[in-house]
Amino acid sequence: MRMTKAKALEIMRRVEGEHCFFNNDGKVFCGFADLAQEITVMPQPVFNFHCNSKKCDFTNWISDVLGDEKLAKDMSAAKGIRSKIENLILKRVSQLEKYL
């Protein structure tokens, strides 16, 4: 699907309540920008709790709540490798910001 301003706004929007991502360390991400800001400083055990070779909770939230199926698919293919996932997230934020 081709990216549009409307789709970029949908992905980058803030969500509330139960739609936020509740991180294992108590931090709450209510938008993609929150996750992008924290992913590189997140303690490794916290990252591993949410994302490893068997699952990635971030992909589910990005796809199901924020609606970015492409990023979620790319992250799933990274098989829990943190450096790849961080790079995908940071690159995607940069791409989306061009539409805002």
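## A tour from H50 to the two disulfides and a surface patch

Begin by selecting H50, which is buried, its relative accessible area being 4%, well inside the cut-off of under 20% that defines the term. Keep in mind from this point on that the model is a predicted one. H50 belongs to helix α3, which covers residues 44-50. With H50 still highlighted, display its neighbours: leaving aside residues up to four places away in sequence, H50 touches F21, F22, N23 and N24, and also K55, C56, D57 and F58.

One of those contacts, C56, leads to the next stop. Select C56 together with C51, and you will find the two joined by a disulfide with an S to S distance of 2.4 Å. Both cysteines, C51 as well as C56, are buried. Looking along the S-S bond, the angle is -105 degrees, and the link of C51 and C56 is left-handed.

How many disulfides are there by the distance rule? The count comes to 2, and, when the bonded cysteines are counted along the chain, they follow the pattern 1-2, 3-4.

For the other pair, select C20 and C30, whose sulfur atoms lie 2.2 Å apart in a disulfide. Here the torsion about the S-S bond is about 105 degrees, so the disulfide of C20 and C30 is right-handed. C20 sits in the loop between α1 (5-12) and β1 (21-22), while C30 sits in the loop between β2 (28-29) and α2 (32-39), so the bond ties together parts that are 10 residues apart in sequence. Colouring by accessibility is useful at this stop: C20, at 7% relative accessibility, counts as buried, and C30, at 14% relative accessibility, counts as buried too, because the term applies to values under 20%.

Finally, turn to the surface and select L9, Y99 and L100, which make a nonpolar patch of about 270 Å². Where along the chain is L100 found? L100 is in the segment after α6, the helix that covers residues 82-97. Its relative accessible area is 48%, and L100 is therefore classed as partly exposed, since that class lies between the buried limit of 20% and the exposed limit of 50%.

To close the tour, show the stops together: buried H50 in the view, the disulfide of C51 and C56, the disulfide of C20 and C30, and the nonpolar patch made by L9, Y99 and L100.

How values were computed. Residues are numbered from 1 along each chain as its sequence is written. This is a predicted model: local features need pLDDT of at least 70, side-chain atom pairs count only at pLDDT 80 or more; totals for chains, interfaces and linings use all residues. Side-chain values use heavy atoms; hydrogens and water are left out. A disulfide is a pair of cysteine sulfur atoms within 2.5 Å. Helices (H or I, at least four residues) and strands (E, at least two) are DSSP runs, numbered from the N terminus. Buried means under 20% relative accessible area, exposed over 50%, partly exposed in between (1.4 Å probe, protein chains only). Patches are made of residues with over 30% relative accessible area and no salt bridge: like charges are joined within 9 Å, nonpolar side chains (Val, Leu, Ile, Met, Phe, Trp, Tyr) within 5 Å. Accessible areas come from the Shrake-Rupley method with a 1.4 Å probe; for residues, only the protein chains shown count as cover. A salt bridge is a side-chain nitrogen of Lys or Arg within 4 Å of a carboxyl oxygen of Asp or Glu. Contact means heavy atoms within 4.5 Å.
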